Amino acid sequence: MSAIAGIVHLNKEPIKIEQAKDLMNSYQQFPADDVQTWKKDHVFFGCYAQWITPESVGEQQPYYDYERQLVITSDAIIDNRDELFNKLHIELQERKTLPDSQLILLAYEKWGEDVPKHLIGDFAFMIWDEKRRKLFGARDFSGARTLYFYQNETRFAFSTTINPLFTFPYVEKTLNEEWLAEFLAIPIPNMVEAVDMVSTIYQSIHQIPPSHSITVVEERVKLTRYCTIDIKDKLKLKSSEEYKEAFHEVFNKAITARLRTHGEIGAQLSGGLDSGTVVSFAAKALKKENKMLHTYSYIPEDDFVDWTSNYYIPDERPFIKETVNYVGNISDQYLDFAGRNPLSEVDDFLNLMEMPYKFFENSFWLKGITEIAQKQGIKILLNGARGNHSISWGSWRLTTDYYAELLKKLKWIQLNKDLTDYTKHYQTGKSNILPIIAKKAFPIIDRFQNKEAQRVYQFPQIISSNLARKTKVFDKLQQYGLDLLGGAEIRNLNEFRKSYYKQLFPWNKSGVANTNLSLRYGVWDRDPTNDLRVIQFCLALPEEQYVKEGMERSFLRRATQNALPDKVRLNQKSRGIQGADVIHRMVPQWGTFIEALHQLCKDPVITEILNIQEVKRALSSIGNFPRPEDVYSNEFKVLTRSLIVYFFIKQCIRKGVKI
């Protein structure tokens, strides 16, 4: 894992050593195991290295291959090393010690600009091809690692983070109001920051989008999409047991590839299926290496009073401990981060992210877990963040949609069998579920419902009308298929899932957060549920595998038999919930929170950006005496997102950014 940076003078003007030093010195805020550079005439490459994998210890990076006249600097962990070794005919004695950077370079020599199509893992890299006078680089399919760049007619510069690029005097610090307009106009429930994956919060800085490569020849810069996930053919196996075995094979590959480190392994663990599955497979694999898995679980403060319904579980310890005891080989930790809250983290998190963010409620414990993991020697921190769309796909809605299709196709025997299983699991009668299925199968039945029931709730809009008009942001968002009302029903969940994996913007936010957290703490965040092979497998599964035996998330529940305790594996009666104690944590600072919002409403710069009337309405609704359940209200999200933008703008003004 590394922060990488570089400069290419397209006019072949020699690079001044002071420029290169300033660029690399901007990374001094981060810990480093080594700092190396490579410079030749008008090209400079740098690497601020943090050693994570065994092969990276003492690695030469940037690496110059004299024979091939290629130089690379990379921020990468490649997971399909064995496959690449065989395809590239790497000698057996070299395989254990060959760093990922040199493996990428050898793959580039064989496949040229098609190289990222052959790589699986988390990566961002740049290669200078001396023979062809060409700069080439790429970012992994989901953008797990970031890579920003600046270009003009004579210069091209790149960096893992944004701020180092401002060390060049010719790079202007001007806010990109179109990016900011997207951030504000995307409806409240949506966690996406922006849809344009090339632009950033600054006009002069761009990024390589996920699933893209970049080629720079002379003054021409070309971005090319190399990966689109689109599974057309379904997997056809003989039995459910064969599907389960096939999943175990592909998921074990994803897990074991992510355990490659010279340090300790940790994992975020909740009481649910996704993180539980990751931890179960990882703990078993580590036991073979005589290593223990360290788990980190966020819990509410001791004096928190649970206000939620019986369905929700803010404190998931009973389920987590079931998993820990059942799986074994786990050292578990439960972290309440007493005295900390997301409001106190805003300024620091804005510095870390280099842009506004939307995960206010989770920010303090995500950072807190990484801090503690660093102190305990953790180098890899596993999670199951992408599991909802991959391994544990299959909600109640998907199940009833499937039953509706059986009804439409008059498959009575299969429907009766599935409904018997369903009613057994949910302890209900067929008479309760059949009307729901009938309405889905034959919508005409429901067409005479009253107009009031058909009205769609519209989420509050926090962008100012002037900024929205000026940037034409709503027209742009519509082109990307976003629901601007924020209340439209998804008609077909399977089509929604396919669209999710084809779009680029759902991926970016986690890549930015994880990259910057990892650089600060030297801990690489890795998600086996986001492995490309795992995603492709899950998308190829027949739909019935996700709804068999009357269970939501049916496939993963069956695939984890003997891997997870039944209390966790078969739990459909309750659900863990994050952030239920956020307002409880904020109460001591509530006056500060409200005062900052009142100041926001008076700020002449902010009134041009935000819908102040909406902010005032939300302030009036929540007031000086908040209820704990307000944390999930749209009013609270209006206030917290507005405040984050306000604090970011204030930071920009202090740093001399043109607004």
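Which residue's side chain meets that of Asp 566 in a salt bridge? In this predicted model, the partner is Arg 569, with N and O 3.0 Å apart. Both residues sit in helix α21 (residues 566–569), three residues apart, or about one turn of the helix. The two ends of the pair fare rather differently in terms of burial: Asp 566 is partly exposed at 46% relative accessible area, whereas Arg 569 is buried at 7%.

Elsewhere, salt bridges with shared partners link Asp 79, Asp 122, Arg 258, Arg 526, Asp 531 and Arg 533 into one network. A search of the whole structure turns up 38 salt bridges. Within the network, Arg 526 pairs with Asp 79, their closest N and O atoms being 2.8 Å apart. Arg 526 belongs to strand β18 (residues 524–526) and Asp 79 to the loop between β5 (70–78) and α2 (81–88), so this bridge ties together parts 447 residues apart in sequence. Arg 526 is buried, at 1% relative accessibility, and so is Asp 79, at 9%. The salt bridge between Asp 114 and Lys 117 (3.3 Å, N to O) has another setting: Asp 114 is partly exposed at 37%, and Lys 117 is exposed at 53%.

Two members of the network, Asp 531 and Arg 533, also turn up at helix α19. Asp 531 caps the N-terminal end of this helix, placing a side-chain oxygen 2.8 Å from the backbone nitrogen of Arg 533. Eight of the nine residues of α19 (532–540) are buried, so the helix is largely enclosed by the rest of the structure. Its buried residues, including Arg 533, Phe 537 and Cys 538, pack against α6 (240–257), α17 (493–502) and α20 (554–559).

Notes: Residues numbered from 1 in each chain as written. Predicted model: local features only at pLDDT ≥ 70, side-chain atom pairs only at ≥ 80, totals over all residues. Heavy atoms only, no water. Buried < 20%, exposed > 50% of the residue type's maximum accessible area, 1.4 Å probe, protein only. Helix = DSSP H or I, 4+ residues; strand = E, 2+ residues; numbered from the N terminus. Contact = heavy atoms within 4.5 Å. Polar contact = N/O pair within 3.5 Å; in protein donor to acceptor, adjacent residues only side chain to side chain. Salt bridge = Lys/Arg side-chain N within 4 Å of Asp/Glu carboxyl O.
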